[in-house]
Amino acid sequence: MGQAWPSWHCIQWVSLMRGVSIPVLSTHWCPHHHCRCPQLPTMAEAHQAVAFQFSVTPEGLDFHLSREALRQLYLAGISSWKKRLVRAKNSFLTGVYPASPSSWMVVVMATAGSFYCQVDPSLGLIARIRHCLPESHLLSAESRTVVSVAVFSTGVWLSTVLIFRQLLKLLLSYHGWMFEPHGKMSRSTKIWVALMKLLSVRKPLLYSFQTSLPKLPVPSVQATVTRYLESVRPLMDDEKYGRMEALAKEFKEQTAPRLQKYLILKSWWTTNYVSDWWEEYIYLRGRSPLMVNSNYYAMDFLYVTPSHIQAARAGNAVHAMLLYRRKLDRGEIPPMMALGIVPMCSYQSERMFNTTRIPGKETDTLLHLLDSKHLAVYHKGRFYKVWLYYGGQLLPPCDLQLQFQRILDDPSPPQPGEQHLAALTAGDRVPWAEARARFFSQGKNKVALDAIERAAFFLTLDEEEHGYVEGQEGCMDAYAKSLLHGQCYDRWFDKSFTLVVYKNGKLGANAEHSWADAPIIGHLWEFMLATDKFQMGYTEEGNCKGQPNTALAPPQRLQWDLPEECRAAIEGSLRVARALAQDVDFSCFQFSAFGKGLIKRCRTSPDAFIQIALQLAHFRDKGCFCLTYEASMTRLFREGRTETVRSCTAEATAFVRSMGDPHRSRSERQKLFQLAATKHQQLYRLAMTGAGIDRHLFCLYVVSRYLGVHSPFLDQVLSEPWRLSTSQTPQQQLKMFDLTEHPDHVSTGGGFGPVADDGYGVSYIIAGENLITFHVSSKFSSPETDSKRFGAHIRQAMLDISQLFDLPPAKRAQ
């Protein structure tokens with residue numbers, strides 16, 4: 001009897017206010033019917049969740065309605081329809097930009113006024129439209145005239161909108177402004193700026209410029225191959241370079257023309273000829289672990305922790321992120337603008353929330369939902385589902401703090417296999433895809449996994465404490481490693497991003513790379529940090545402001561049924577992930593001798609200065625030069641992502657060699673440095689304007705594989721390792737607060753793992769006028785690399801270059 005199925009007398013049909021069935025947590029012995037009945041969540045949760053239920057009794061059906069639950073259903077429906085209306089309105093507004101609905105009224109009124117003043121601006125078209133209208137007793141002659149005027153005016157308005165949009169697209173195709181000397185502007189650029197300001201006078205929404213952005217152009221094969229040979233010349237001796245020249249010549253003359261034709265054809269009928277292949281072949285088809293190899297991280301404020309209460313900091317951070325999501329949905333965030341007038345593509349922002357990378361045996365896919373009303377939370381080996389709305393409204397920070405504190409206070413242990421479950425997302429992709437298909441395709445495992453994969457994002461309430469501690473060596477290294485890989489089972493590496501909140505209130509994030517690049521997460525991160533500190537704030541005790549609603553249903557524990565085979569797969573992935581994590585050597589440090597304030601006095605860009613310093617540091621570290629990758633964005637084009645700046649140029653290597661040549665004078669070194677900096681800036685501009693090297697060669701290679709054409713030149717190009725991979729983290733994209741007034745609120749930026757097993761990964765952020773933070777990664781398993789050693793070389797290279805320029809030592813030591 002104890003193992004019998006539940007009696008039909010005890011079965012209740014339950015509907016949640018959000019349209020999801022309540023999972024059965026356990027069963028209990030029913031003394032009334034002598035069977036085991038489903039044990040639903042706590043009474044408070046059930047009371048709020050159940051809209052209606054019925055049970056079968058001898059007297060018939062017994063219905064029970066919950067007014068509060070029905071009210072929540074109604075409010076949730078109203079909220080959903082509001083979002084749909086806002087999206088529809090935004091689609092219309094972005095579709096007619098730079099015009100506005102009010103301009104349509106102006107055109108209609110002007111046309112009507114002219115027509116009734118016996119002036120026909122339509123040259124007889126209004127009369128023709130009136131003649132074509134069907135005769136009806138509902139339309140008088142005067143009404144037919146009004147309709148005709150409205151139809152004609154709408155046509156004129158739509159034609160004007162199309163003309164303006166084409167003009168805007170033409171203007172955005174001009175990139176001469178980027179190549180102007182600093183502080184100078186040609187007449188053509190001045191005219192272009194004036195026209196851009198005229199057409200952009202109306203405040204744009206996030207996607208207002210999307211359809212006006214130009215397509216990424218396909219460079220000529222001749223230009224790409226020439227620039228490629230130029231980039232590898234300083235890395236090859238005469239013999240190797242001669243062989244590469246021969247391969248390049250054969251490629252240009254025989255193979256490339258056919259491949260280029262297909263690529264140009266693709267560029268005609270796709271929005272961007274690179275981005276879809278880049279996402280698929282570089283990211284989604286990768287079968288190695290995402291952790292360390294692909295995912296990257298972001299850090300909190302360097303010196304400031306707004307609240308040391310873990311649940312409170314999580315409450316404010318989550319609420320701020322949800323406010324950002326709401327602004328995204330409504331299109332209220334303006335697009336990023338270069339020079340304040342040149343828009344960048346906003347396409348990548350669409351998948352920031354409600355997105356998960358789903359593993360597959362051959363290729364992964366991205367699951368993106370229009371909306372998600374809950375959050376997935378991990379703490380001490382347990383997974384939870386936390387609802388983010390109540391009554392159709394976002395939970396305020398104090399309510400979120402209450403929910404997170406309930407999770408922190410929960411004494412229940414993890415279920416068998418639950419603690420290390422997320423290690424599946426940290427290991428190789430094929431075992432995870434197989435385990436997902438076998439063990440998570442039905443039952444409670446599918447319900448629980450759906451709760452994670454369909455969450456707005458993932459939150460980890462971490463048991464460790466991290467952050468910058470003055471005088472404590474290695475604290476930032478441990479902070480970086482924790483965010484990059486954690487314990488290998490306490491981050492859901494498939495989610496678009498995982499927010500990590502440490503026990504001492506410090507924050508961090510781990511982001512999946514396929515859906516977007518780092519500046520997109522950086523935009524959200526800046527908004528969250530500024531909103532948390534300067535708009536929401538905390539009480540004197542460090543709690544979120546406001547009074548929490550203690551009647552809220554508690555977070556829902558996710559339920560798992562993980563058999564031994566599944567647990568074995570989990571442990572297998574964990575072993576792979578731990579081996580990878582333990583091999584990561586990290587050095588994260590602050591360079592405070594000077595910042596961009598001094599660098600600008602050297603009459604060069606801060607980025608060029610640092611890139612040349614990295615070349616000098618690498619040469620001193622390894623005694624040679626290497627192929628260097630610097631990420632540059634191509635978001636001036638529609639659906640643009642990144643391009644590679646090959647920073648190891650002939651000019652940079654000449655300068656580096658001069659620094660070790662005692663016969664070179666200071667003035668000679670200064671001249672060589674300026675030549676290297678100018679060359680770097682030129683390459684960066686070319687990459688941003690669609691004239692880069694590597695994305696074009698990558699797409700030609702993809703076409704060759706589709707056509708079954710073998711190219712020794714392309715094989716050689718794509719097999720070359722990037723032993724120095726670098727990236728600059730953008731700073732103050734939003735300018736929500738002034739760093740000069742709050743110098744202690746500098747961001748620490750973020751970083752990534754090494755790209756090559758015997759190479760370095762270097763990320764840096766130029767924070768304020770006198771601080772640069774470097775994140776250096778490598779692998780312990782390589783005898784050629786040492787992150788701390790390379791970090792020391794970077795510091796010294798920065799100082800040595802600064803000494804070439806006439807600045808007092810006191811200025812450098814600020």
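**Entry 1. Terms and overall picture**

I count a residue as buried when its relative accessible area is under 20%, and as exposed when that value is over 50%. I note at the outset that the structure is a predicted model.

I began with the protein as a whole. I found 24 helices and 24 strands. Of its 814 residues, 55% count as buried. I also looked up how contacts are spread along the chain: among those between residues at least 6 apart in sequence, 77% join residues at least 24 apart. The protein exposes about 36,300 Å², and carbon and sulfur atoms supply 58% of that area.

**Entry 2. Helix α11**

I next turned to helix α11, which covers residues 397-409. Which residues of α11 are buried? I listed Pro397, Cys398, Asp399, Leu400, Gln401, Leu402, Gln403, Phe404, Ile407 and Leu408. This makes 10 of its 13 residues, and I therefore describe the helix as mostly covered, given the cut-off of under 20%. I then asked what the buried residues of α11 pack against. Their partners are α10, β10 (374-379), β11 (382-387), β14 (458-461) and α15 (518-536). From its first C-alpha to its last, α11 reaches 18 Å, close to the 18 Å expected at 1.5 Å a residue.

**Entry 3. The nonpolar cores**

I looked up the largest nonpolar core and found 105 residues in it. Phe404, a buried residue of α11, is among those with the most contacts inside this core, as are Val318, Phe383, Phe440, Phe457, Leu499 and Trp560. Helix α10 (residues 310-330) gives the largest share of the core, 10 residues. I followed Val318 further: leaving aside residues up to four places away in sequence, Val318 touches Leu375, Leu388, Leu400, Phe404, Phe457, Leu459 and Leu499. I also recorded a second, separate core of 52 residues, which includes Leu171, Leu229, Ile341 and Phe637.

**Entry 4. Helix α18**

I examined helix α18 (residues 606-622), which has 17 residues and spans 24 Å between its first and last C-alpha, close to the 24 Å expected. Why do I call α18 largely enclosed by the rest of the structure? I do so because 15 of its 17 residues are buried. Just after the helix comes Gly623, whose phi is positive, near 75°.

**Entry 5. Strand β23 and its neighbours**

I moved to strand β23 (residues 760-766), where seven of seven residues are buried. In a regular strand, side chains alternate between the two faces of the sheet. I therefore checked each side separately, with under 20% as the cut-off for buried. Tyr760, Val762, Tyr764 and Ile766 are buried on one side, and Gly761, Ser763 and Ile765 on the other. Both faces of β23 are thus covered.

I then looked up the strands that pair with β23. Strand β21 (residues 724-728) pairs with β23 in the parallel sense over five bridges, and Ser727 has Ser763 as its bridge partner in β23. Strand β24 (residues 772-779) runs antiparallel to β23 and is joined to it by six bridges. Here Gly761 has Ser777 as its partner in β24. β23 and β24 form a hairpin with five residues between them, and Gly768 in the turn has a positive phi of about 75°.

**Entry 6. Unusual backbone values**

Most residues other than glycine have a negative phi, and most peptide bonds are trans. I searched for departures from this pattern.

The peptide bond from Tyr97 to Pro98 is cis, with omega near 15°. Pro98 lies in the loop between α2 (67-96) and α3 (101-116).

Val292 has a positive phi, near 75°, and is not a glycine. I located Val292 in the loop between α9 (275-284) and β5 (296-299). Is Val292 buried or exposed? Val292 is buried, at a relative accessible area of 1%.

Leu339 also has a positive phi, of about 60°. Leu339 sits in the loop between β6 (337-338) and β7 (342-343). With a relative accessible area of 59%, Leu339 is exposed.

**Entry 7. Asn504**

I closed with Asn504, in the loop between β15 (497-501) and β16 (507-511). Its relative accessibility is 18%, so I count Asn504 as buried. The side chain of Asn504 reaches the backbone oxygen of His466 at 2.9 Å. Not counting residues up to four places away in sequence, Asn504 touches Thr305, Ser307, His308, Glu465 and His466.

Note on methods
Residues are numbered from 1 along each chain as its sequence is written. This is a predicted model: local features need pLDDT of at least 70, side-chain atom pairs count only at pLDDT 80 or more; totals for chains, interfaces and linings use all residues. Side-chain values use heavy atoms; hydrogens and water are left out. Helices (H or I, at least four residues) and strands (E, at least two) are DSSP runs, numbered from the N terminus. The expected span of a helix is 1.5 Å times one less than its number of residues. Buried means under 20% relative accessible area, exposed over 50%, partly exposed in between (1.4 Å probe, protein chains only). A polar contact is a pair of N or O atoms within 3.5 Å; within protein, one must be able to donate a hydrogen and the other to accept it, and residues adjacent in sequence count only if both atoms are side-chain atoms. Contact means heavy atoms within 4.5 Å. A nonpolar core is a set of buried Ala, Val, Leu, Ile, Met, Phe, Trp, Tyr and Cys residues joined through side-chain atoms within 4.5 Å. Accessible areas come from the Shrake-Rupley method with a 1.4 Å probe; for residues, only the protein chains shown count as cover. Two strands pair if DSSP finds at least two bridges between them.
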